[in-house]
Amino acid sequence: MTTVLDHPTSAPGNSAMKRPLIERLNVFTAFGLGIISAIVFWYLARTFLPENTEGSFIKTRLDAVTIIAMLGWFFGFMTGIGALIGPFRWLLGKDLDHDESMFYAGKDQGIKRYFRYTTDHKVVGIQYLVITIIIFFVGGTLAMLIRMNLGHAGGGWLQPQTYNAIVGTHGIVMIVGTIIMITGPFGNFIMPIMIGARDMAFPRLNALSFWLIVAAIPPMLSSFFFGGISTGWSAYAPLASQAPPGMDGYIMFIVIFAISTMVAGANITTTVVKMRAKGMTWNRTPIFIYGVVASVALALPVFPLFFLSQVMSAMDRAVGSTFYDVRGGGSGWLYENLFWIMGHPEVYVILIPAVAALMEMAPVFTRRPLFSFNTAIMGIAGISGLSILVWAHHMYVTGWAPLLNGPFMLTTELISIPTGMLFLVLIGTLWRGRLWMTMPTASIYALLWNFMIGGITGIYLSDVPVDGALHGSMFVTAHFHYTLMGAGLTGALASLVFWFPKMTGRMFDRRLSWIAFWLVQIGFNVAFIGMFLVGLAGQPRRVDAYAALFNQGNSVTTMAAYSIMAGMLVLLYGVISSWTNGAIAPMNPWFAKTLDWTVPNPVPLENFEVLPVVTSDPYGYGKAQS
Amino acid sequence: MNKRLVAALGTVVLGGAVIAGLGTYVASAKNDSRVLAATPAGTMETPQGKLPHYTLEMAAYPDSMAGSHGKDGGVHADWVTYGPVTNFQVPAHSAITITIKQYDSGARLNNDFFATVHGTIDGTATINGVAVKSVDPEAVGHTFTVHGLADAKSSLFVSVPLPAVPDEKLPPTGYTTNPTTVTFTFITGDAGDYVWNCEYPCGDGTTARFGGPMSTQGYMAGNFHVVNA
Ligand code: HEM
Ligand SMILES: [Cu+2]
Ligand SMILES: [Cu+2]
């Protein structure tokens, strides 16, 4: 395989006169073609679609036009980025030759490869990292607008409809951000190296999954200009069916994102199953890999339901089908079921890789083996299995199948058992270890604390009578922020600092990582404890104004939110400054034992010159050091 | 101080500025903050004794050509609206008489509760001079509903239905010359900030007709300030 390294740089440039199509496509052609084709589709739809039928109770034309224009954007963008070249050539029976494949892999293209349909998993990992940061920046800005509006009683700073649109968009943008924040950057960049592979199983699908996300974002953000989404992130029908055309942006966003997730899930699962290094038995496979695979494997069966739920929502809006409309024989409960059968597993899609990443770091920073590897795997498997059996705890008060409330309460509360196993493993690893105090180490403690609060309040909510009082209140909002942000995001930020040296070749500025950590963690805990209190007192979620009696808790939350904002911005600056001129990172700055730390910086195109052979598990730190 | 820390602080300030700028821009999209104060009208004999008396006059229109949206009707000329403005200010511990001229048609309420008069003296309102306790829920144009908990102690709830102007009395263009006049009197408590809105789904077709003017201040909703005289 070293021949690949020495291959003369013949492909790009040797025909400077007439550059082949594949070399001319990039993110700019994608946006250009996307916008042009959106306009063309919009114009054609407007011209040729029939008028609304007089007197019919569903008006479909405007939504049909909007959706067709967005489809135009989607096809234009994907064509413009070059996603169709591979399939097209395959259909013609002339698949890409070696030089073209090398071009696709981004060989010798410097910075330009990050703006192209590049297949190298390391490029895709960096692309995911950047898009995740952008998504969090957008979502975070919206969060601050929410908190400013809730800074004083009575509302009135933002219009109610604007407020609702901001809340819903914040929600769904952040959910997508947290879904990709670990499996995207680190699952793509680190995971293949960690298992000793040269790339993903399906490199072109890898590029596809990334560029689909880029294609999905503009429709979502455009919704602000078309009345916004007034439904919250869950877009319940029939409310969603009645919402202004902004809803179509949400639908497109989810449809495209769901495809991306399915593609990524198939790719990552196949890679791990088929491409682990020789000798890397399941017992010797690092726990992070289990986390990533559990996450995407859980997403694989449920995201098609998310996809379907939105296609049906689009049909109700644009062609007058009545899947969710009682007047036409449909049911709003259908939507809720489809949504939450996806929705609950999805929260573990987010959580599991975050916990697994911290489990990967715990042995490194305590210099001792992971405490009970098998318990960790049982925990992950148990959570994944149970998580598909609990969805109706989101629907206790909807009136759907009251007889099932009891059983769903049981399955939900059972999840605390495998969850407890994960706690046990982390605590066992830390127990009496000699700690190397870094920001990732502190993040393990932060996760244990935050996830304890998130999990215990989850058990309250899973209790049917208690949920009758708390459902729809700020208590629920505080619960899931403790899990998604307190646990999930904490793991992701630790991963960023931990794997930054391998991904960028530079160390993350130590001091900035600590400042960010404390600003975020303290701000977070103050903010969301305040939210628990007003939730318990009865403040409803997703309402722009509140009564004066909720004043105190809300102003505390708003002030603490500024601390979170400051911490995240310090972190952002840390990323930029460390990336551009941080200290040069050694090959293995943490003295870790997984394969990702055995490759040089920057990681060569094909990762390993000689594929490694694994002879032991990666946690052999022994007792001597502690 | 270390250069990096200063730059990090700069990033925080910059990020805060971006958010503040965006927030100001988004918030400026809301309608005008003009407030109409109640006019003194001597004193009034009420069940709570002799109280200072104030009056307020307003109207409900089938579009935005009247009210505070300007000659051309503003951005949403076809939206139903209250006028002349939608923010009101009245004194605390006083009798307040509100007169509403109702120019709009209407249909069935979602909730019959709002066909009944709530929170006024005697629980009555006069409609074209006739005192009533409720109206036909099948033909309501709008409601004027003030509500809220200003703080943990005082609350205010006043809700009065405005009957629909029958279709045959509506001219094909322009406003009817014969609006329905609804008058009611209630007594305010301690000072505080409340909101009011219409409870008849008269919105623009989105969100079960609770969208558009129903979800936007300056049309079918606004502020109701009770202040110490
Ligand atoms: C011990 C574990 C947990 C239990 C027992 C639990 C239970 C619940 C229950 C019963 C609800 C519904 C509350 C309601 O709407 O009235 C809920 C909401 C939610 N939970 Fe959890 N939860 C747990 C862990 C998690 C984790 C780990 C996450 C995410 C990483 C999470 C994310 C959410 C979200 C996003 C919602 C709200 C969805 C919405 O209505 O917008 N939960 N949880
Ligand atoms: Cu759930
Ligand atoms: Cu109205």
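Contact here means heavy atoms within 4.5 Å of each other. Keep that in mind for the first stop on this tour of a predicted model.

**Stop 1: where the two chains meet**

Colour chain A and chain B separately and look at the seam. On this definition, 30 residues of chain B are in contact with 33 residues of chain A. Together the two chains bury about 2600 Å², and carbon and sulfur atoms account for 68% of that area. If you want to see where chain B contributes, select B:Arg4, B:Ile19 and B:Thr207: these residues lose the most area to chain A, together 25% of what the chain B side buries.

Now stay with B:Arg4 and show side chains. Which residue of chain A does the side chain of B:Arg4 meet in a salt bridge? Select A:Asp509: the N to O distance between the two side chains is 2.6 Å. The interface of chain B and chain A has one salt bridge by the rule used. Next, colour helix H1 (residues 3–27) of chain B, which gives the most to the side of chain B that touches chain A, with 14 residues. If you turn on polar contacts, the count between the chains is six residue pairs, both residues at pLDDT 80 or more.

**Stop 2: the copper ion in chain B**

Select ligand 3, a copper ion, and show what surrounds it. Its donors are B:His142 through ND1, B:Cys198 and B:Cys202 through SG, and B:Met220 through SD, at 2.1 to 2.5 Å. Along the chain, these donors follow the spacing H-x55-C-x3-C-x17-M. The first and last letters of that pattern are worth tracing on the ribbon: B:His142 sits in strand S9 (residues 140–149) of chain B, while B:Met220 is in the loop between strand S12 (192–197) and strand S13 (221–227), so the pair links distant parts of the chain, 78 residues apart.

Why is the arrangement around this copper ion (ligand 3) tetrahedral? The four donor atoms subtend angles of 93 to 125 degrees, and four donors count as tetrahedral if all angles lie between 85 and 135 degrees. Switch on a surface for the protein chains and look for two of the donors: B:His142 is buried at 0% relative accessibility, and B:Met220 is buried as well, with a relative accessible area of 0%.

**Stop 3: copper and iron in chain A**

Move to ligand 2, another copper ion, whose protein donors are A:His344 (ND1), A:His393 (NE2) and A:His394 (NE2), at 1.8 to 2.0 Å. The spacing of these donors along the chain is H-x48-H-H. A:His344 lies in helix H14 (residues 332–366) of chain A and A:His394 in the loop between helix H15 (373–387) and helix H16 (405–414), so the pair ties together parts that are 50 residues apart in sequence. Compare their surroundings: A:His344 counts as buried at 9% relative accessibility, whereas A:His394 is partly exposed at 22%.

From the copper ion (ligand 2), draw a distance to the iron atom of ligand 1: the separation is 4.5 Å. The only protein donor of that iron atom is A:His479, through NE2 at 2.1 Å. Follow the ribbon and you will find A:His479 in helix H20 (residues 474–504) of chain A.

**Stop 4: a serine in helix H12**

Finish at A:Ser260, in helix H12 (residues 246–274) of chain A. Is A:Ser260 buried or exposed? At 1% relative accessibility, A:Ser260 counts as buried. Leaving aside residues up to four places away in sequence, A:Ser260 touches A:Tyr128, A:Ser209, A:Leu212 and A:Ile213.

Methods:
Residues numbered from 1 in each chain as written. Chains lettered and ligands numbered in written order. Predicted model: local features only at pLDDT ≥ 70, side-chain atom pairs only at ≥ 80, totals over all residues. Heavy atoms only, no water. Donors = N, O, S within 2.8 Å, 3.2 Å for Na, K, Ca; no water. Tetrahedral: all angles 85-135°; square planar, octahedral: opposite > 155°, others 65-115°. Helix = DSSP H or I, 4+ residues; strand = E, 2+ residues; numbered from the N terminus. Buried < 20%, exposed > 50% of the residue type's maximum accessible area, 1.4 Å probe, protein only. Buried area = accessible area lost by both parts, 1.4 Å probe. Salt bridge = Lys/Arg side-chain N within 4 Å of Asp/Glu carboxyl O. Polar contact = N/O pair within 3.5 Å; in protein donor to acceptor, adjacent residues only side chain to side chain.
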